[in-house]
Amino acid sequence: MFLTKLAFKNLVRHRNRTLITASIIAFAIFFYILFDSLIGGMTEMSYESIINHEAGHLQVVNPKYWEEEDELPLENLISVEPELMMAIEGVERYQAASPELSFVARLNNGINELPVIGRGIIPGDFEAVFALEKQFVEGRMFSHGENKVVLGKRLADLMQLEVGDYIILLVKDKNETFNTIEAEISGLVHTGNPNVNQNIVYLPLDIVQQALNVDGQVSKVIVRLRNKDLAMRLAKELANRINAFNDQLTVYSWNELEAVSFAGAKQMGNQLILAIILLIAAIAIINTVILAALERMTEIGMMKAMGLRENEIIYTFVLESTGIGILGGIIGVILGVGGVGLFSKVGIDFAALYGFDLGSFGVPILDRIYGVWNPKAFIEVFAFGVLVSLLSSIPPAYWAADKDPIKAIYHR
Amino acid sequence: MRKRIGLLLGCLIIISIFTSISVSAMTAEEIIKKRDSNEYIKTAKAESEMTIVSGNRRITKTMVSYIEGDNGLTIFTNPRDRGTKFLKRDDDLWMFFPEAEDLVKISGHMLNQGMMGSDFSYQDMMESDKLTELYKFELIGEEKIEGRNCYVLEGIAIEGKKVSYYRRKSWVDKERFVGLKEELYAQSGRLLKAMKVNKVEEIEGRWYPMESVMEDKLRKGSRTEFVIKSIEFNPKIPAGTFTLENLK
């Protein structure tokens, strides 16, 4: 008890030293928490962006089509039979479903041509699944049966197109024969997803089906659920229901998408960055603790001369160091709470701050990035800080306690 | 006198009926086949020049091509593209970039792009010459193109066949059996491309189009002029010319 009291007294006695060392630990912990929150926010928003603009929660598709999806083939398409729609609508937590026919096209403005991705959609169904409605900067969504298109504002600017202009889409039908779709632009959108803004043209499904000669077929049916976390389980459940009458189809959940695994792979990279931050923090802590121990060599000699045993000296030292770790950890966590709180409310706009577009780094986010709360990170990094302080104090304490008291006192 | 005029008129009517019978006796397929016998190349070596015009910009590229049946090799010779090569082997198309020392297979959607920025797509280069197998041709009339009488033929893609253009309209010189003009249409009926032959020459006993212009009708002010500087039919082409090894 005496030793514990002594350690505590030492902490208070050397207030400046305690505070400086603790502040280094606090800074490392704060920085880690903030970075973790930013990465968490980015990942979460990437997923949301993919779900809300491209993938939905579940995709009902032919597995052969899924394998070649990058090419957007017109083979292995599916027919939207009433039986299929009934099975989809019957799935637990079902919210909405939207059939979609995707194809490769060349967008032509009469002077230039640009390769784009065309998506044939049923406007009502589409808007129930995807959040495009609020993203219109000009015009509106076309109605069913209208010969009109919607595209990203950025793509329109690039091709010098405006609402009311006519475009020609040059497409190849199922027999590889050229066909053209001529339509008026009914609206322009600007979303948080760069792919939608610069690559995609939305058209009425029936017009696309006719132009591509696909007999009323679609590439896939996209389903939105009320809870995205249940997607994996519900995908399996829906696949079983569908396979009861059609074994050509399967269901994939949003987290099986290539774009999501790509975002996941980036997450691994981010974990590495976090690990490096921790390593730097650990080196800083070790360095500070060792220096603090060396600085107190005379004191150690004195304690030994007064009859303290080696183990007791080490105990006092480790306790002091752990105390500093706990103090730094608490300050770091408090700062972290404030930082993440601010970050999750106000967010950060990289484009405005640094003038670059995260889209060009493959992150499908254009909006402000908001931090997320990750209690696990708080606990982990706190424990890490305390543990590193504790462990790093052991070797110098041993070394110092092992010294002859006279040498320790006159070590200079 | 009246009798004579009547006889003369009668003769004229009979002659005109006979000539019209002899003209219509030639079917659309025969006309296309006759044109192909002029234009289809078994083996050839050609030096040509391609000028891509887009608005006020003109880019000229020169090339040497070797053709043997379904295989073809084109080597660009103008300073900017020197050493760039295209190799067509049956249904595959390869491109070699000398600066990057990179070999690229052109497939899928890339085939729809203009070759070296021209109005000829890679797909146009790949099209098989046996048009009669892909299209059902019909003789739809006769017209004069720059003073020359032409058959006007219309080909509609045979259902189920994989062809780029749903409909093609060809003007074939009635005497020389060489195509003088061609229009390529999408299924929607929109004119996509128009080709016009400006100069025809008789080489080794066959009439061959030496200068032509291709226009991409979806892009305003865009055209590609193609001029054959020299062509040699049935030359000796060294073995191994149409191999990937030769491309590098």
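**Exercise 1. How much area do chain A and chain B bury between them, and what share of it is on carbon and sulfur atoms?**

Solution. In this predicted model, chain A and chain B together bury about 1800 Å². Carbon and sulfur atoms carry 48% of that area. Now look at the side of chain A: A:Asn175, A:Thr177 and A:Phe178 lose the most area to chain B, and together they make up 28% of what that side buries. As for residues, the contact draws 21 from chain A and 20 from chain B.

**Exercise 2. Which side chains meet in a salt bridge, and how many salt bridges are counted between chain A and chain B?**

Solution. Start with the count, which is 1 salt bridge between the two chains. Its partners are the side chains of A:Glu182 and B:Arg190, with 2.7 Å from N to O. Next, add the polar contacts: 10 residue pairs across the interface, both residues at pLDDT 80 or more.

Then ask where the chain A side comes from. β3 (94–108), β7 (166–172) and β8 (178–189) of chain A each give at least two residues to the side that touches chain B. β8(A) provides the largest share, 4 residues. Sorted by class, that side of chain A holds 5 nonpolar, 7 polar and 9 charged residues.

**Exercise 3. Why does the distance between the end C-alpha atoms of helix α2 of chain A agree with its 41 residues?**

Solution. Take residues 15–55 and allow 1.5 Å a residue, so the helix should span 60 Å. The end C-alpha atoms lie 57 Å apart, which agrees. One step further along, just after α2(A), A:Gly56 adopts a positive phi of about 65°.

Notes: Residues numbered from 1 in each chain as written. Chains lettered and ligands numbered in written order. Predicted model: local features only at pLDDT ≥ 70, side-chain atom pairs only at ≥ 80, totals over all residues. Heavy atoms only, no water. Contact = heavy atoms within 4.5 Å. Buried area = accessible area lost by both parts, 1.4 Å probe. Salt bridge = Lys/Arg side-chain N within 4 Å of Asp/Glu carboxyl O. Polar contact = N/O pair within 3.5 Å; in protein donor to acceptor, adjacent residues only side chain to side chain. Nonpolar A, V, L, I, M, F, W, Y, C, P; charged D, E, K, R; others polar. Expected span 1.5 Å × (residues − 1).
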